[in-house]
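Student: I've got a protein model open and I'd like to learn how to read its inside. Can we go through it together?

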Amino acid sequence: MKVGDTVPEFSAVDQHGDTTTLSTLLDDGPIVLFFYPKAFTPGCTAEACHFRDMVGEFAEIGARPVGISADEASRQAEFDAEHKLGYPVLSDPDKSIAKTFGVKRFGPVFNKRATFVIDTDRRVLAAISSETNMNKHADEALNVLQMR
């Protein structure tokens, strides 16, 4: 996915065991869909917690973060509970959503770290990538949404 692309509909199970869709996630405004390699790893925890710490800023402009990784929903629930994330965390164990976004790596290797700002019309407003700067994803996504 790149800027201007329209994201196809998808569904995934969240940390509560509920199935949700892209359309449902977009009902209340734009989302910042961030792919992280694996729950509870140091980098992913730092990134997810930075998004958590910025939830209020996203809410002020009518948007919210949504995390996603190949971890099972039960692992996502543990991750959410331990770090009190307060936003949807989706499970993509077969990496089909990651493949759609072009962030799936081959074989058993974890997905790439990437973030997509998606407007309510399912259009990609920004694609952010950095494997090592954990704050870049939330910071740039917020900036994109504030400037739109």
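**Cysteines and cores**

Tutor: Sure, and keep in mind that this is a predicted model. Let's begin with C49, which is buried, with a relative accessible area of 13%.

Student: What about C44, is that cysteine buried or exposed?

Tutor: C44 is buried too, at a relative accessible area of 1%.

Student: How many disulfides does the structure hold?

Tutor: First the general idea: a disulfide is a covalent bond between the sulfur atoms of two cysteines. Here, the count is zero.

Student: Why is C44 not bonded to C49?

Tutor: Look at the gap: the closest cysteine sulfur to that of C44 is the one in C49, and it sits 11 Å away, so a bond is ruled out. For a disulfide, the two sulfurs would have to be within 2.5 Å.

Student: Now the core. Which residues of the largest nonpolar core touch the most other members?

Tutor: A nonpolar core is a set of buried residues joined through side-chain atoms. The largest one here has 22 residues, and V32, Y36, F51, F58, Y87, V117 and L145 touch the most other members. At least two residues each come from β3 (31-35), α2 (42-53), β7 (124-129) and α6 (136-147). The top contributor is α6, with four residues.

Student: What is V117 in contact with, leaving aside its neighbours within four places in sequence?

Tutor: Its partners are I31, V32, R123, V124, L125, A126, I128, A141, V144 and L145. There's also another core, apart from the one we've been exploring, with 20 residues, including V7, F10, I68 and A98.

Notes:
Residues numbered from 1 in each chain as written. Predicted model: local features only at pLDDT ≥ 70, side-chain atom pairs only at ≥ 80, totals over all residues. Heavy atoms only, no water. Core = buried A, V, L, I, M, F, W, Y, C linked by side-chain atoms within 4.5 Å. Buried < 20%, exposed > 50% of the residue type's maximum accessible area, 1.4 Å probe, protein only. Contact = heavy atoms within 4.5 Å.
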